[in-house]
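Welcome! Please have a look at the sequence and the structure shown here before reading on.

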Amino acid sequence: MLLSEKAYELIDAELKKYPEDQRQSAVMSALRIAQTELNWVSPEVVEDIATYLGMPVMAVQEVATFYNMYELQPVGKYKITVCTNLPCALREGVQTINYLQEKLGIGIDETSQDGLITIKAGECMGACGDSPVLLINNHHMCVRMDKARIDELLEDIYKEEGVEPKFKNATVSDEEHVDPSSIEAPSGSPNIAKVNPSETMTSGLRPTDSGESA
């Protein structure tokens with residue numbers, strides 16, 4: 001068994017929602033629980049979940065690769081996904097992700113050297129009026145993320161982890177404009193359907209409910 005006892009208890013709770021002969025119905029929840037605990041879904045975890053649910057490994061792999069909220073490669077402890085769809089892009093969403101990249105000295109789909117933060121580009125999160133918008137670990141939405149709020153968020157993360165940050169000098173201009181036609185559709189979009197509006201915030205971190213979000 002690769003997961004903790006608590007994780008299997010959570011999976012068992014999901015299994016109770018379905019008939020005994022429909023254990024495969026809990027596969028998405030099981031993958032979400034595993035990712036919440038381990039931060040990504042490795043091939044070994046896919047195999048473990050398949051065994052636990054009595055499913056073919058390939059069937060679990062098909063689900064894990066179909067939905068883009070599952071991370072199949074290691075990511076940082078904090079995955080920051082910035083919306084770069086057109087409405088957010090027109091309201092400084094691209095400047096936001098550029099500022100994060102410069103501040104952390106990494107690119108999109110890359111992880112900081114300390115292993116704490118991975119930057120992702122995502123699609124619509126359903127909060128265009130509060131853009132720029134980003135998600136942390138698919139669980140927490142942060143809105144109106146200007147440079148000051150990004151700085152505050154990053155400081156909160158490093159303070160929480162007790163790690164001395166090594167930020168770069170970001171030079172993204174407030175006057176920078178982006179041609180919408182130059183924006184490419186990002187990969188690795190977050191699971192937006194399970195965002196809890198009650199957890200919407202402008203900065204900082206909140207405890208997660210490991211039983212609810214992917």
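What follows covers model confidence, one helix and the cysteines.

## Confidence

Please keep in mind that this is a predicted model. The protein has a mean pLDDT of 82, with 79% of its residues at 70 or more. Over residues 174–181, however, the pLDDT is below 50, and this stretch has 10 contacts in the model beyond near neighbours in sequence. Residues 183–214 also stay under 50 in pLDDT, and for them the model has 85 contacts beyond four places in sequence.

## Helix α7

Let us turn to a helix. At 1.5 Å a residue, the 15 residues of α7 (residues 147–161) should span 21 Å, and the end C-alpha atoms are indeed 21 Å apart, so the two values agree.

Its buried residues are Ile150, Leu153, Leu154, Ile157 and Tyr158. Viewed down the axis of α7, these buried residues fall within an arc of 125° and therefore line one face of the helix. They pack against β1 (78–83), α6 (93–104), β2 (117–122) and β3 (134–136). On the face turned away from the buried side, α7 carries the exposed residues Ala148, Lys159 and Glu160. Just after the helix, Gly162 takes a positive phi of about 65°.

## Cysteines

How many disulfides does the structure hold? There are 0. Cys83 is in no disulfide, and its nearest cysteine sulfur, that of Cys88, is 3.6 Å away. Cys83 counts as buried because its relative accessibility is 3%.

For Cys128, the closest cysteine sulfur is in Cys124, at 4.1 Å, which is too far for a bond. With a relative accessible area of 31%, Cys128 is partly exposed.

Conventions: Residues are numbered from 1 along each chain as its sequence is written. This is a predicted model: local features need pLDDT of at least 70, side-chain atom pairs count only at pLDDT 80 or more; totals for chains, interfaces and linings use all residues. Side-chain values use heavy atoms; hydrogens and water are left out. pLDDT is the predictor's confidence in each residue, from 0 to 100. Contact means heavy atoms within 4.5 Å. Helices (H or I, at least four residues) and strands (E, at least two) are DSSP runs, numbered from the N terminus. The expected span of a helix is 1.5 Å times one less than its number of residues. Buried means under 20% relative accessible area, exposed over 50%, partly exposed in between (1.4 Å probe, protein chains only). The arc is that of the directions from the helix axis to the C-beta atoms. A disulfide is a pair of cysteine sulfur atoms within 2.5 Å.
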